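Trainee: I have just opened this structure and would like to learn how to read it. Could you walk me through it?

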Amino acid sequence: MQASLVDIAFEEPPFSLLDERLRQRLAEGVDLHYFEALAQPLVPGAVGEAVYIIHKGEVAELAADSALPDAATLDKAQREGLDAWVSLRIGHYTAGDLFGALTLLNGHCRTRFVCEQETLCYQLPAELFFSLCDECPAFGEYFQHSLSDKARLLAAQRDTRQGASRDQAGFMLARVMDCMRPPLKLAASASIEQGVKVMQTAGADSLIISVEGRQGVVTRTDLLNALVIQGLAANHPLASLGSFALVAVTAEEYLFQALVQMTRHRVARVVVKERLTPDAAVVGVIELTDVLGFFSNRSQLVSLEIERASDMAALEQASARLPEMVRALAMQGVHIRHAMALLSALNGRLIERTFAMLVEEEHRTSSCLMLMGSEGRGEQILKTDQDNGLIIADGHQWPENEDTLQRFSDALAGLGYPPCPGNIMVSNPEWVATESRWRGKIARWCAGRDGEALMNLAIVFDARASGGNEALVDSLRGHLVRRATRDELLLSHFARPALHFSTPLTLFGSLRSPRHGIDIKKGGIFPIVHGVRTMALERGVMATGTFARLEALVSDGRIEASDSADLAEALSLFAELRLRQQLHHLEEDEHGAAAGGAGDSRRDGQDKTTAAREAGSRNLIITQSLSSLERDLLRDALSRVKDFKQRLSHRYHLEY
């Protein structure tokens, strides 16, 4: 067949792994073959003669002992999509997919392939297939890749496609080493005058000093305050002016991670260390101005706008820019974990600034706002419902807190964070309590072990501080861990919800493909998040994010590194597919609002049932809309979830 007539997606794996010469040989070596509906290109025990690349049509893979459907059954399955016949599929292949490679590699066919309709396939002869595998080992290895390997292939494929937009993502791809300044070091015994002169000469805003082995930072502002406000003499030594609670990153980290640290710790610079240990040497400094210099468009100035906001109107303006930033990150192919970290930091800072604007300092220093749910874990990209609570220090008097906290909840709604349907927020007095009362709640929830109590324990275990006295949250979560860690019966009850939702795979491991889509949150995200949460609670892991918990569980020996990597890749894939769906709905809402306010209907009193249904649709993934590689990845990822649930069931005795 003439190469020019062959319609094969050479930009898609595994063909993208071949060089131009091998692609040309493949194109010249295939023939087009026609199969009638119900024809069987491969049957159990057959020795393969070719790899088939579907040009048009659909092919089902069945278990070896599956009964063949008749034409009427097949027609009904294609119309309804939910018939028992569809559930018997081990695999389902459509245009652009290939099958038969494993038959060649294994020596014989172990399953049965049936054409569900008239099908045209390119036949790649076995001899040519093995020749391509020999000359391009990566091509042959592709068919036995792990989940993480395939995920890297998908990322590489997107990188190639998005070349132009990638060039605009310099900030997201830059490393700290690309931007850091050499550290300006001076003896701690040096004077303020010497410090000013050294900074002036170097054009720097900070310098590094060392006092009894501890490294600290002295900033230009520190020197100015020392001279003007404190009235210190110009010959006063620098030692007493340093800040020794350093926020540090390493040179290999992404530059955006430095911005995340600055945002979370509310600092204008971070130091760069050889490694993240107290005794590691400082090898550089990153200033906020350095980071902003890498910004390529206005959407990435959100962080600066949040910090400069002087009132709620300015915060609302900065908040309104977040969806634009999310779209830019998605278009530029930024890894979902990096996007989560950055957006979580920005969302957290928005909420923290709002808290600071509306709550008086005397109450902030004696209380702590808790962010919970996906915001607490740092795994939310688009804004979600308010999930928050408040801890008030024992003995602190705040009689008017209900009015203040209601204004706070209203302000968050104005920033685009809708009220929580379950009323888990500080405007509900049940989620505002003193330290002692919170401990009492935890004791009752641990003893009760009913559905609501277990949900509340999970919510608090995921909490992170966002404004106020952070030690209050750390203390409360520590109390929860001490109560639950050795309570085997509680842990068994706590783990059970991870099995509540079925994994959207058939008995034989193929994707279920209902027309309305599969719920990726229930079927994929929640089992991983809650299963890892349970293991973290058992082992006393204090990290709140699922990825960080997985890393800690590997260090603890509780989970194998390979299993952790697969679960992390699966969660990343689910989050990415879900984000894509959420962005699609966001665009629909914006178009509806532009056409007449439809996008505001939820805020204007839409009933909870409809709102819940719309929220659920944002989690539905239409598998037919995915590429061949994405469907393959999704199937593998859900298989990892299924295996993980089985391990959870065994560990926590959930089969009883």
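**Cores and a sheet**

Mentor: Happily! Keep in mind that this is a predicted model. Let's begin with the largest nonpolar core, which has 149 residues; within this core, I286 and F574 touch the most other members.

Trainee: What general idea helps me read a core?

Mentor: In soluble globular proteins, nonpolar side chains tend to be buried together.

Trainee: Which residues is I286 in contact with, leaving aside its neighbours within four places in sequence?

Mentor: Its contacts include V176, C179 and M180, then L255, A258 and M262, and also A268, R269, V270, V272 and V291. There is also a second, separate core of 13 residues, with I192, V218, A226 and L241 among them.

Trainee: Now the sheet, please. What is the order of the strands in the open sheet of four strands?

Mentor: Reading across, the order is β15-β14-β13-β16, and the pairing is mixed. Strands β15 (432–434) and β16 (464–468) are the edges, each pairing on one side only. From one strand to the next, the twist averages 30 degrees.

Trainee: How many bridges join β13 to β16?

Mentor: Three bridges link β13 (residues 367–371) with β16, and these two strands run antiparallel. As one case to find on screen, M370 has A465 in β16 as its bridge partner.

Trainee: Which helix packs on the sheet, touching β13, β14 and β15?

Mentor: That is α20 (residues 401–414), whose direction makes about 150 degrees with that of β14 (388–392). Look for helix α21 (residues 435–448) too: it lies across β13, β14 and β15, and runs at about 105 degrees to β15.

Notes: Residues are numbered from 1 along each chain as its sequence is written. This is a predicted model: local features need pLDDT of at least 70, side-chain atom pairs count only at pLDDT 80 or more; totals for chains, interfaces and linings use all residues. Side-chain values use heavy atoms; hydrogens and water are left out. A nonpolar core is a set of buried Ala, Val, Leu, Ile, Met, Phe, Trp, Tyr and Cys residues joined through side-chain atoms within 4.5 Å. Buried means under 20% relative accessible area, exposed over 50%, partly exposed in between (1.4 Å probe, protein chains only). Contact means heavy atoms within 4.5 Å. Two strands pair if DSSP finds at least two bridges between them. Axes are lines fitted to C-alpha atoms, for helices over the stretch in contact, and angles run from 0 to 180 degrees between N-to-C directions.
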